[in-house]
Amino acid sequence: MIRINEITDKVATYIDKPDLELIQKAYIFTAQAHAGQTRLSGEPYLSHPMSVANILADMKLDEPTVAAGLLHDTVEDTGTSIDEIEELFGDEVADIVDGVTKISKMQFESKAVAQAENIRKMILAMAEDIRVLMVKLADRLHNMRTLDFQPSVKQRLISQETLEIYAPLANRLGLHRTKVELEDLCLKYMKPDVYEQIDQGVASHHTSGQEYIDKVKGLIGDMLTENNIKGRVAGRTKHRYSIYSKMLQQNLGLDQIFDLIAFRIIVGNLKDCYAVLGLIHSIWKPVTGRFKDYISIPKANMYQSLHTTVIGPDGERIEIQIRTEEMNRVAEYGVATHWQYKEKGKKGSNRDAERFTWLRQILDWQRDLQDPREFMASLRIDLFQDEVYVFTPRGDIKELPEGATPVDFAYTVHTKVGDHCAGAKVNGRLVPLGTPLKNGDRVEIITDNHRNPSRDWLKFVKTARARTRIKQYIRTEERDRSISLAREMLEKEGRKVGVNFAKAMKEGLVHKLVEEFSCPSVDELLSQVGYARLTPRKVLQKLYGLLHPGEKLSDDRKPPEPAVPALSPAEAAKIKKSEGIKLSGVDDVLFRFASCCNPLPGEPIVGYITRGRGVTIHAHDCTNIKGFEPDRVISVSWDGVEDKPYPAKIRIVCRDFKGALSQVTALLTSDDVNIHSGSFQSNMDGNAVMEFTVEVKDLQQLYGVLAKIRDVESVTEAVRVS
């Protein structure tokens with residue numbers, strides 16, 4: 001276990017006259033508070049806050065942050081209160097600890113809502129003090145490093161949350177090292193078969209490619225010396241998750257990824273950055289469209305560097321980054337290098353405040369979202385996008401996600417500008433509102449007070465702010481229409497069954513139904529009818545009972561029910577009642593498993609409400625989810641599973657020889673895995689590709705048998721496919 005002296009020694013190396021007494025005091029308090037507690041690994045619980053504090057010291061953060069890292073779990077996991085932390089360690093440390101602490105004492109309708117509220121609270125807290133997120137990221141990083149001791153289902157759920165929220169937040173803060181390690185660990189637990197395949201491929205490439213790396217480093221070093229430029233060169237293989245992302249985006253196999261190697265040139269000053277770029281392009285041909293200047297226009301996370309891809313020695317594509325020592329420090333440690341609180345008593349500059357405008361934007365649109373799950377969906381959209389930088393007519397720079405449109409730009413200027421956007425000029429020319437913007441575009445918005453947001457805008461907007469405001473307007477409009485429609489339906493159907501609905505409204509009888517249907521108001525009850533979530537028949541039955549106590553609405557007065565599309569026999573066979581497999585968040589509805597991704601027990605899942613055909617269950621990372629209407633995606637989870645086989649598709653690549661098929665099928669049979677269907681193809685390169693649909697009981701069994709198949713000497717690839 002890490003010792004407290006190691007942590008205080010680190011702090012003393014980067015802070016002049018540090019308050020080490022505060023850290024020592026926090027250590028003693030934490031050791032006493034967590035005394036007797038252990039982790040799943042069997043280690044004393046104290047090892048966790050010590051590791052978190054050590055990570056924060058590696059990031060070169062101040063004494064209150066390191067102290068908060070030691071104390072971050074005391075309020076949640078011991079009898080300590082925030083008031084006690086404030087009294088002993090001051091309000092600065094207490095505020096950070098409070099921001100990190102989960103909302104454990106509140107009751108939520110589901111785990112998804114609880115998770116969303118925790119994230120929302122953290123976002124609000126870190127907007128006031130960014131150190132909250134630094135502690136949370138250090139906490140999550142150590143938890144991911146020790147995830148082996150968690151059950152496999154929990155490993156995947158924690159990894160999914162980390163990949164969707166914490167790794168992108170680390171990227172936003174410029175914490176490159178933290179982001180890379182989190183992403184690689186997530187891939188290891190979410191896709192163990194893919195991770196192992198890439199890891200082995202990178203290891204073999206590193207062994208064979210080290211000679212090439214040394215060769216290129218030597219050539220660049222000689223070039224710097226000849227031109228009297230002081231600098232150093234580093235070569236590395238790209239991290240596992242970035243390779244996996246490229247394979248996924250471009251539908252490539254590992255053997256088709258050529259630019260696994262990246263080089264970094266660190267020079268003394270800004271002038272030398274551009275000089276080196278010119279020299280590189282003079283000896284090696286640059287790849288068109290692969291040059292990016294993040295020095296002139298830095299990323300939102302403060303990152304600055306020149307990026308270029310060239311055809312290097314032996315015709316290999318290589319990526320080269322050029323930056324100064326200061327830029328390199330920012331690229332590795334991000335916000336920690338521009339720390340607002342580094343010098344005691346001094347607040348950050350205006351420039352530092354501008355670095356976190358994205359946080360303010362998140363705060364702005366999150367206030368309009370009542371549903372925490374929708375907040376999470378919007379947050380994911382905002383965090384995952386790459387950036388483009390465009391100019392206002394006055395020359396101000398606006399940062400937008402890649403693929404953003406003039407409508408997104410309009411909403412970044414002001415909500416009213418977005419709501420009344422009627423047209424746009426890009427570089428002086430009128431363009432359609434759905435036109436993707438490019439780096440350096442000058443954008444001017446044309447407004448009309450008689451124009452309002454359109455549902456069609458949702459098809460192309462990219463920012464969470466624009467999407468939220470458009471949806472909010474549409475909901476308000478649709479709600480008003482649904483209430484009006486419900487009144488018409490209830491009055492019309494009421495006349496058929498002898499109920500005067502308009503009169504019942506005036507006399508206040510409808511108010512008595514509000515509580516019975518669990519609605520907060522009469523308008524909400526009517527909107528439920530207008531949205532077809534409640535039938536007029538159900539409302540009129542209750543109302544008839546109030547008007548005629550003891551009597552029921554007779555069946556011969558039943559108004560016609562809306563028709564539901566008929567299912568084909570094949571579709572009907574796929575659908576089961578939710579009594580067999582219980583899914584939290586889905587009650588008394590039909591559901592079926594999607595054939596596109598074949599979700600298995602043990603992996604994160606989501607539900608999609610179809611029209612008249614129940615809920616379809618998809619794997620959380622199914623590519624088809626991107627095209628779904630967000631309002632109809634619901635949170636579901638496994639909650640008891642039938643003892644039955646589930647289909648999964650796998651692909652195996654091996655050397656083509658007599659007996660290859662029987663070797664693989666024997667392994668599947670030995671693990672009690674049934675082959676439902678499959679295909680076998682021999683390629684010209686001497687390899688054979690087998691694709692099977694197999695039947696397994698859960699995700700653990702599938703990954704277990706894939707690991708055994710990969711251990712076979714003749715097998716080069718064994719992965720799950722969808």
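Mentor: Let's start with a term we will need often: buried means under 20% relative accessible area, exposed means over 50%, and partly exposed lies in between (1.4 Å probe, protein chains only). The model is predicted, so local features need pLDDT of at least 70 and side-chain atom pairs count only at pLDDT 80 or more, while totals for chains, interfaces and linings use all residues. Residues are numbered from 1 along each chain as its sequence is written, and side-chain values use heavy atoms, leaving out hydrogens and water.

Trainee: Thanks! Is Glu493 buried or exposed?

Mentor: Look at its relative accessible area, which is 13%. The cut-off for the low class is under 20%. Glu493 therefore counts as buried.

Trainee: Which side chain meets that of Glu493 in a salt bridge?

Mentor: A salt bridge is a side-chain nitrogen of Lys or Arg within 4 Å of a carboxyl oxygen of Asp or Glu. The partner lies three residues away in helix α21 (residues 464–497), about one turn of the helix; helices (H or I, at least four residues) and strands (E, at least two) are DSSP runs, numbered from the N terminus. An α-helix has 3.6 residues a turn, so residues three or four places apart point the same way. At 3.6 Å, N to O, the partner is Lys496.

Trainee: How far apart in sequence are the parts that Arg651 and Glu717 tie together?

Mentor: Arg651 and Glu717 form a salt bridge, with the closest N and O atoms 2.9 Å apart. Since Arg651 belongs to strand β17 (residues 646–655) and Glu717 to strand β20, the parts they tie together are separated in sequence by 66 residues.

Trainee: How accessible is Arg131, which meets Glu92 in a salt bridge?

Mentor: Their side chains come to 2.8 Å, N to O. This pair links distant parts of the chain, with Arg131 in helix α9 and Glu92 in helix α7 (residues 91–100). Glu92 is partly exposed at 34%, whereas Arg131 is buried, its relative accessible area being 1%.

Trainee: What is the angle between the ring planes of Phe29 and Phe89?

Mentor: Rings of Phe, Tyr and Trp (its six-membered ring) pair if their centres lie within 6.5 Å, and planes under 30 degrees apart count as stacked, over 60 as edge-to-face and the rest as tilted. The structure holds four such aromatic pairs. Phe29 and Phe89 make one that is edge-to-face, with 5.7 Å between centres and a plane angle of 85°.

Trainee: How many of the twelve residues of helix α3 are buried?

Mentor: Helix α3 covers residues 47–58. Its buried residues pack against α1 (4–14), α2, α4 (63–71) and α9 (131–145), where contact means heavy atoms within 4.5 Å. The helix is largely enclosed by the rest of the structure, because the number of its residues that are buried is eleven.

Trainee: Which residue takes a positive phi in the hairpin of β9 and β10?

Mentor: Two strands pair if DSSP finds at least two bridges between them. Strands β9 (residues 421–426) and β10 (residues 429–431) run antiparallel and are joined by three bridges, with Lys425 opposite Leu430. Two residues sit between the strands, and the one with a phi near 55° is Asn427.

Trainee: How far apart in space are Val715 and Val664, C-alpha to C-alpha?

Mentor: Val715 lies in strand β20 (residues 715–721) and is buried at 10% relative accessible area. Val715 and Val664 are 51 residues apart in sequence, yet their C-alpha separation is 9.2 Å.

Note on methods
Expected span 1.5 Å × (residues − 1).
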